[in-house]
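Here is a short report for a reader meeting this structure for the first time. Keep the sequence and the 3D view at hand.

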Amino acid sequence: MSQVLVLAEHVQGELKNNVAELLAAAARLGEPAAVVVRQPGTGAQLTARLGELGAAAVYVADVEEADALLVTPQVAALAAAVAAAGDVSAVLVGTSIDSREAAARLAVRLGAAFLSDVVDLAAAPDGVRATQQAFGGAYTVTATAARGIPVISLRPNSVPGTAPAAQAQEIRLAPGPNMAAAARITARHEGQAVSTRPELTAADIVVSGGRGLGSAENFVLVEQLADALGAAVGASRAAVDAGYCAHTMQVGQTGTTVSPNLYLALGISGAIQHRAGMQSAKTIVAINKDPGAPIFEIADFGVVGDVFTVVPQLIEAVNARQA
Ligand code: FAD
């Protein structure tokens, strides 16, 4: 059976929570295998964990400069894994900014197709058949890569289930071609943002706030509801531009694409550019005081009301259920 390679992203040995889904998707197409880039001496437990999640093989690239270079180590490792595996039917990555860049670069290197924003995939006689969302979810497209090994970015929460656990075999990769000319990261400030909230791109629930929150102080309401639900925090561009929250939280055409099971939009009008990043969410709940706000066109549940009245009650109700 041919292998399906999955780029297993991790933060200092902690796998990102989309890796299980990527391996489940890989199992639909062939034998799941993971590719890991790590700094030597870190992530010793990754191979066993990836086996539990279904990887029959784990290709490991120990790269001294893994944290100091942009995506080049991932591209080099994926290319080396493709060469080492021999028979590969697809390469799957998540939708983080880094993984999508790595995927596009790999596709160019392999002379293969890059299918982005895939929400479903299956093995077909003519290769891998992928269902993609195009133009911000306005169209659904079915595509098959005509030649080469397709490189696919999968939206989170698209493929249900898990892959059966496997006894993972670890295969060491040589670090690949010369990366000396690669773009380097220069750390100007030591330290790391620490958050106990789920990562935005892979979260099961996302609570987003818009200009309707009115100020950075009021935006705390969005964070309080997110914390009550165990959700990630997102925002509209207007909220980001007004300085209510960090740009990394922006959802939409020029921000992050999310595809959670539940998306709550608080004080967000629902402009097309915002919808482009969230309308594939399974269930959308909107709270807005304007009954004519476009967000209600795509909401499964809508509350016409003031966020400052509705959201505190919602937080209280959620907390009461969990008590
Ligand atoms: P508004 O449109 O001002 O809406 C605020 C909403 O809050 C209104 O519907 C109002 O009724 C409601 N409201 C006000 N007060 C309350 C209250 N107390 N209680 C309840 N509801 C209340 N936008 C993005 O989000 N993401 C993107 O990636 C993005 N990319 C863009 C790219 C381009 C090239 C362009 C041109 C625009 C882009 N935009 C993007 C901007 C987009 O067009 C909208 O301007 C933006 O999404 C509006 O944000 P908003 O809904 O928070 O603000």
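Leaving aside neighbours within four places in sequence, A27 is in contact with P32 and A163. The model is predicted. A27 sits in helix α1. Is A27 buried, partly exposed or exposed? A27 is partly exposed, because its relative accessible area is 33%. Far along the chain lies G292, 265 residues from A27. The C-alpha atoms of A27 and G292 are separated by 45 Å.

**Helix α1 and its surroundings**

Helix α1 covers residues 19–27. Most of α1 is covered: 7 of its 9 residues are buried. The buried ones are V19, E21, L22, L23, A24, A25 and A26. An α-helix has 3.6 residues a turn, so residues three or four places apart point the same way.

What does α1 lie across? The helix crosses β1 (3–7), β4 (31–38), β6 (88–93), β7 (114–124) and β10 (151–154). Relative to β1, α1 runs at about 165°.

**The sheet of 9 strands**

The strands under α1 belong to an open sheet of 9 strands. Its order is β9-β8-β7-β10-β6-β1-β4-β5-β11, and the pairing is mixed. The edge strands are β9 (139–144) and β11 (169–172), each paired on one side only. Neighbouring strands of this sheet are turned by 35° against each other on average, direction ignored. Strands of a sheet pair through backbone hydrogen bonds, either parallel or antiparallel.

Take one pair from this sheet. Strand β5 (residues 57–62) runs parallel to β11, and the two share 4 bridges. V60 stands opposite R172 in β11. R172 has another role in the model: R38, D62, E170 and R172 are linked in a network of salt bridges.

**Salt bridges**

How many salt bridges does a search of the whole structure find? The search finds 14. Three of them are listed here.

| Side chains | N to O distance |
|---|---|
| K16 and E9 | 3.9 Å |
| D120 and R28 | 2.8 Å |
| R129 and D126 | 3.0 Å |

D120 and R28 meet in a salt bridge at 2.8 Å. D120 lies in strand β7, while R28 lies in the loop between α1 and β4, so the pair ties together parts that are 92 residues apart in sequence. D120 is partly exposed, with a relative accessible area of 34%. R28 counts as partly exposed too, at 36% relative accessibility.

The K16 and E9 pair is mixed in cover. K16 is partly exposed, with a relative accessible area of 22%. E9 is buried, with a relative accessible area of 14%. In the third pair, R129 is partly exposed at 35% relative accessible area, and D126 is partly exposed at 43%.

**The sheet of 5 strands**

An open sheet of 5 strands has the order β13-β12-β14-β15-β16, with parallel pairing. Which strands stand at its edges? They are β13 (232–235) and β16 (301–304). Each has a single partner strand, so one side of each is left without a neighbour in the sheet. The twist averages 15° from one strand to the next.

Strand β14 (residues 262–266) pairs with strand β15 (residues 283–288) in the parallel sense, over 5 bridges. Across this pair, A265 stands opposite A286 in β15. Helix α9 (residues 307–322) packs on the sheet and touches β14, β15 and β16. The direction of α9 makes about 135° with that of β15.

Another helix, α5 (residues 220–229), lies across β12 (205–209), β13 and β14. Helix α5 runs at about 170° to β12.

**The protein as a whole**

Now step back. The protein holds 9 helices and 16 strands. The C-alpha trace spans about 60 × 50 × 40 Å along its principal axes. For 323 residues, a compact globule would have a radius of gyration near 20 Å; the protein has 21 Å, which agrees.

How much of the protein is buried? Buried residues make up 50% of the 323 residues. The protein exposes about 15,200 Å², and carbon and sulfur atoms supply 52% of that area. Among contacts between residues at least 6 apart in sequence, 67% join residues at least 24 apart.

Conventions:
Residues are numbered from 1 along each chain as its sequence is written. This is a predicted model: local features need pLDDT of at least 70, side-chain atom pairs count only at pLDDT 80 or more; totals for chains, interfaces and linings use all residues. Side-chain values use heavy atoms; hydrogens and water are left out. Two strands pair if DSSP finds at least two bridges between them. Axes are lines fitted to C-alpha atoms, for helices over the stretch in contact, and angles run from 0 to 180 degrees between N-to-C directions. Contact means heavy atoms within 4.5 Å. Buried means under 20% relative accessible area, exposed over 50%, partly exposed in between (1.4 Å probe, protein chains only). The radius of gyration is taken over C-alpha atoms; the globule rule is 2.2 Å times the number of residues to the power 0.38. Accessible areas come from the Shrake-Rupley method with a 1.4 Å probe; for residues, only the protein chains shown count as cover. A salt bridge is a side-chain nitrogen of Lys or Arg within 4 Å of a carboxyl oxygen of Asp or Glu.
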